[in-house]
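Trainee: I would like to learn how to read a model of this kind, feature by feature. Where shall we begin?

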Amino acid sequence: MAKFSKHEGTPFVGMFYAIGSIIYYVMVPVDQGDRQEDDVSTNTTHYEWWRYIYRILKRQNPHFDIEDHEYVPRGRVIYNTGEDIYYLYVDRCIRKNKRQMQEILNTMHLPKGKTKMVTNFHYQCEKCRKD
Ligand SMILES: [Zn+2]
């Protein structure tokens with residue numbers, strides 16, 4: 001587990017994918033995030049993020065073949081500067097998994113009293129869409 005000595009305690013914004021039991025993050029400390037009006041996150045698109053993670057997974061496992069990022073449970077953290085709230089958008093499959101939720105909160109240093117969880121149709125994996 002990496003230590004973030006320089007950013008100890010600083011919350012992160014960004015995105016994650018859950019593949020099997022492992023969560024893959026693409027994130028930056030909130031003070032280095034990209035600000036659009038009141039929202040702070042990363043300025044990379046979902047598509048670019050998935051291409052990046054896909055390359056990593058493909059290197060680890062040449063048989064990995066999920067090319068469509070919408071197939072995979074995922075989520076995103078956006079900090080709203082006006083409200084001083086971290087919005088944690090997350091797929092229902094991840095939200096149901098207490099261990100994964102705790103891991104995300106810990107890894108991204110999301111402050112308990114200032115984090116709101118949201119599930120919506122943008123963050124649905126293949127399985128959620130079928131339910
Ligand atoms: Zn799902």
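Trainee: Which pattern does the protein follow, read along the sequence?

Mentor: Helices (H or I, at least four residues) and strands (E, at least two) are DSSP runs, numbered from the N terminus. Here the protein has 4 helices and 7 strands, and the pattern along the sequence is β-β-β-β-α-β-β-α-α-β-α. This is a predicted model, in which local features need pLDDT of at least 70 and side-chain atom pairs count only at pLDDT 80 or more, while totals for chains, interfaces and linings use all residues. Residues are numbered from 1 along each chain as its sequence is written.

Trainee: What is the mean pLDDT of the protein?

Mentor: pLDDT is the predictor's confidence in each residue, from 0 to 100. The mean for the protein is 89, with 94% of its residues at 70 or more. Among the elements, strand S6 (residues 85-90) has the highest mean, 98, and helix H1 (residues 46-60) the lowest, 85. Over residues 1-5 the pLDDT is below 50, and this stretch has 0 contacts in the model beyond near neighbours in sequence. Two residues are in contact if their C-beta atoms, placed from the backbone, lie within 7 Å.

Trainee: How compact is the protein for 131 residues?

Mentor: Compare the radius of gyration, taken over C-alpha atoms, with the globule rule, 2.2 Å times the number of residues to the power 0.38. The protein has a radius of gyration of 15 Å, close to the 14 Å from the rule, so it is as compact as a globular protein of that length. Its C-alpha atoms fill a box of roughly 40 × 35 × 30 Å along the principal axes. Of the contacts with a separation of 6 or more, 60% are between residues 24 or more positions apart.

Trainee: Which residues touch the most other members of the largest nonpolar core?

Mentor: In soluble globular proteins, nonpolar side chains tend to be buried together. A residue is buried if 20 or more other C-beta atoms lie within 10 Å of its own, exposed if 12 or fewer, and partly exposed in between, with C-beta atoms placed from the backbone. A nonpolar core is a set of buried Ala, Val, Leu, Ile, Met, Phe, Trp, Tyr and Cys residues joined through C-beta atoms within 7 Å. In this protein 26% of the 131 residues count as buried. The largest core has 23 residues, of which Phe12, Val13, Val77, Tyr79 and Met108 touch the most other members. Strand S1 (12-19), H1, strand S5 (74-80) and S6 each supply at least two residues of this core, and the largest share, 6 residues, comes from S1. Leaving aside neighbours within four places in sequence, the contacts of Val13 include Met27, Val40, Val77 and Tyr79.

Trainee: Is Met27 buried or exposed?

Mentor: Met27, in strand S2, counts as buried because it has 20 C-beta neighbours inside 10 Å. Its C-alpha atom lies 4.2 Å from that of Gly14, 13 residues away in sequence. Beyond four places in sequence, Met27 is in contact with Phe12, Val13, Gly14 and Met108. Ile23 is also found in strand S2, but with 18 other C-beta atoms within 10 Å it is partly exposed.

Trainee: Where do the buried residues of H1 fall, seen down its axis?

Mentor: An α-helix has 3.6 residues a turn, so residues three or four places apart point the same way. In H1, Trp49, Trp50 and Ile53 are buried. Seen down the axis, the buried residues of H1 fall within an arc of 95 degrees, so they line one face of the helix; the arc is that of the directions from the helix axis to the C-beta atoms. These buried residues pack against S1 and strand S2 (22-29). The face turned away from the buried side carries the exposed residues Tyr47, Arg55 and Arg59.

Trainee: Which residue in the loop between S5 and S6 deserves a look at its phi?

Mentor: Asp84 is found in that loop. Asp84 has a positive phi of about 55 degrees although it is not a glycine. With 9 other C-beta atoms within 10 Å, Asp84 is exposed. Glu37, in the loop between strand S3 (34-36) and strand S4 (39-41), has a positive phi near 55 degrees. Glu37 counts as exposed, with 8 C-beta neighbours inside 10 Å.
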